[in-house]
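Colleague: Please show the model, and then let us discuss its cysteines and its nonpolar cores.

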Amino acid sequence: MKKLKRSEEIPGTDAVNPNKPGKRVPVIFFRTETGREPVRDWLKALPYSEDSKRIGGDIKTVEFGWPVGMPVCRPLSQGICEVRTNLSHNRIARVLFYIDRKGRMVLLHGFMKKTQRTPDDDLTLARRDKEKHERGLQ
């Protein structure tokens, strides 16, 4: 089996300058055709104010330290990765994102994890939004 180079394993690593200070991948929220930002809406609707702060901290870790591996970030499939956040009350949050060709971290979908595997519905939604975002960049 062929060993993948780091830039093949983790999307967006080939566009990152490791010597660049500050943000390595600036964060943007995916925006729907109607102007909604689903991840921002989800973060604002979380039941505890500490939740959005903790998730935001993990997103910031990725933003300033890309590429970041486990336990904060994990590649899933088709260029989509997840930010993994452990919350109080034994809850786990995930934010799915991808690195676009402009080198930005595009936040696609956020959810509370209830099972061991990432639910197919959540991954399908993120893939669909990724395709919409890519079409909008042309």
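Colleague: Is Cys73 buried or exposed?

Modeller: This is a predicted model, in which local features need pLDDT of at least 70, side-chain atom pairs count only at pLDDT 80 or more, and totals for chains, interfaces and linings use all residues. Residues are numbered from 1 along each chain as its sequence is written, and side-chain values use heavy atoms, with hydrogens and water left out. Buried means under 20% relative accessible area, exposed over 50%, and partly exposed in between (1.4 Å probe, protein chains only). Cys73 has 2% relative accessibility, so the residue counts as buried.

Colleague: How many disulfides are there?

Modeller: A disulfide is a covalent bond between the sulfur atoms of two cysteines; here the rule asks for a pair of cysteine sulfur atoms within 2.5 Å. The cysteine sulfur closest to that of Cys73 lies in Cys81, 5.0 Å away, and is therefore too far for a bond. By this rule, the number of disulfides is zero.

Colleague: Which strand gives the most to the largest nonpolar core?

Modeller: A nonpolar core is a set of buried Ala, Val, Leu, Ile, Met, Phe, Trp, Tyr and Cys residues joined through side-chain atoms within 4.5 Å. The largest has 21 residues, and Phe97 is among those with the most contacts inside it. Two or more residues come from each of several elements, including helix H3 (49-65) and strand S4 (91-99), where helices (H or I, at least four residues) and strands (E, at least two) are DSSP runs numbered from the N terminus. With four residues, the element that gives the most is S4.
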